[in-house]
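Open the model in your viewer, switch to a cartoon view and keep the selection tool at hand. We will go from stop to stop, picking a few residues each time and looking at what surrounds them.

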Amino acid sequence: MLKKILSISGKPGLYKLVSQGKNMLIVESLLTGKRIPAYAHDKVISVGDIAIFTEGGEAPLPDVMNKIKEKENGGVASVSTKAEDKVLRNYFAEILPDFDRERVYTTDIKKLLGWYNLLVEKGLTDFVEERTEEDSSAEKAE
């Protein structure tokens with residue numbers, strides 16, 4: 001599900017991929033519902049492809065969001081994105097204890113929690129796709 005949810009550098013919020021044109025994507029803002037074009041020169045990344053730095057490598061963003069969902073029983077985050085740095089970092093440490101405290105900034109945590117809350121409000125909470133046996137066997141064949 002998160003493969004079709006996009007972040008566009010320089011634009012607030014998240015966007016849902018609606019359609020593809022020859023040199024652009026048509027995206028719909030999850031904040032306003034307005035559709036806009038995203039061109040080849042815009043820095044567009046799928047939320048499913050983002051990861052958080054950890055002491056042992058990286059944690060995929062969908063897995064991190066799923067941990068927040070489990071902690072909050074499917075509801076919005078219990079901490080505000082406007083909370084103090086220490087509060088946000090302590091909250092995030094409960095979710096991802098081994099996050100890299102030097103490379104993960106408080107602004108990253110605020111953005112992640114804002115995105116999480118937006119997705120929950122819009123009912124888009126299937127963060128981790130269920131893997132089927134077909135997916136596993138296809139990966140082994142490659």
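Two strands count as paired here if DSSP finds at least two bridges between them. One thing to keep in mind as you look around: this is a predicted model.

**Stop 1: the first pair of strands**

Select residues 5-8, which are strand β1, together with residues 15-20, which are strand β2. They pair in the antiparallel sense, over two bridges. To find those bridges, show I5 and look across to β2, where its partner is K16. Then show L6, whose bridge partner in β2 is Y15.

Now follow the chain from one strand to the other. β1 and β2 make a hairpin with six residues between the strands. Pick G10 in this hairpin and check its backbone: phi is positive, near 90 degrees.

**Stop 2: two faces of β1**

Stay on β1 and turn on its side chains. Are its faces covered or not? Both are covered: I5 and S7 on one side are buried, and so are L6 and I8 on the other.

**Stop 3: the other neighbour of β1**

Next, add residues 44-46, which form β5. β1 and β5 run antiparallel and are joined by three bridges. A good place to look is S7, which stands opposite I45 in β5.

While you are on this strand, select S46, which also lies in β5. S46 is buried, with a relative accessible area of 9%. Setting aside neighbours within four places in sequence, S46 is in contact with L2, K3, I5 and L6. Try a distance from S46 to L14 as well: their C-alpha atoms are 9.6 Å apart, while 32 residues separate the two in sequence.

**Stop 4: the whole sheet**

Zoom out until the full sheet is in view. In which order do its five strands lie? The order is β4-β3-β2-β1-β5, in an open sheet with antiparallel pairing. β4 (35-39) and β5 (44-46) stand at the edges with a single partner strand each, so one side of each has no neighbour in the sheet. Look along the sheet and you can follow the twist, which averages 45 degrees from one strand to the next.

**Stop 5: L17 in β2**

Go back to β2 and select L17. Its relative accessible area is 25%, which makes L17 partly exposed. Show what is around it: apart from neighbours within four places in sequence, L17 is in contact with K4, L6, L25, I26 and V27. L17 and R35 are 18 residues apart along the chain, and their C-alpha atoms are separated by 9.5 Å.

**Stop 6: a second hairpin**

Now select β6 (51-54) and add β7, residues 57-60. These strands run antiparallel and are joined by four bridges. They form a hairpin with two residues between them. Two pairs are worth labelling: A51 has P60 as its bridge partner in β7, and F53 stands opposite E58 in β7.

**Stop 7: the largest pocket**

Turn on a surface for this stop. Rolling a probe the size of a water molecule over the atoms shows where empty space is left. The largest pocket holds about 410 Å³ of space. To centre your view on it, select S7, I50, D108, K111 and W115, which lie nearest the centre among the 19 lining residues.

Which elements give two or more residues to this lining? They are β1, β6 and α3 (106-121). Of these, α3 gives the most, with four residues. If you colour the lining by residue type, you will find eleven nonpolar, three polar and five charged residues.

**Stop 8: N73 in a loop**

For the last stop, move to the loop between α1 (61-71) and α2 (85-95), and select N73 there. Is N73 buried or exposed? N73 is exposed, with a relative accessible area of 72%. Check its backbone too: phi is positive at about 55 degrees, although N73 is not a glycine.

Terms used:
Residues numbered from 1 in each chain as written. Predicted model: local features only at pLDDT ≥ 70, side-chain atom pairs only at ≥ 80, totals over all residues. Heavy atoms only, no water. Axes fitted to C-alpha atoms, helices over the stretch in contact; angles between N-to-C directions. 1 Å grid on protein atoms, 1.4 Å probe; cavity = no way out; pocket = protein on both sides within 12 Å on 5 of 7 lines; lining within 4 Å. Points joined across faces, edges and corners; volume = space filled by probe spheres on them. Nonpolar A, V, L, I, M, F, W, Y, C, P; charged D, E, K, R; others polar. Buried < 20%, exposed > 50% of the residue type's maximum accessible area, 1.4 Å probe, protein only. Contact = heavy atoms within 4.5 Å.
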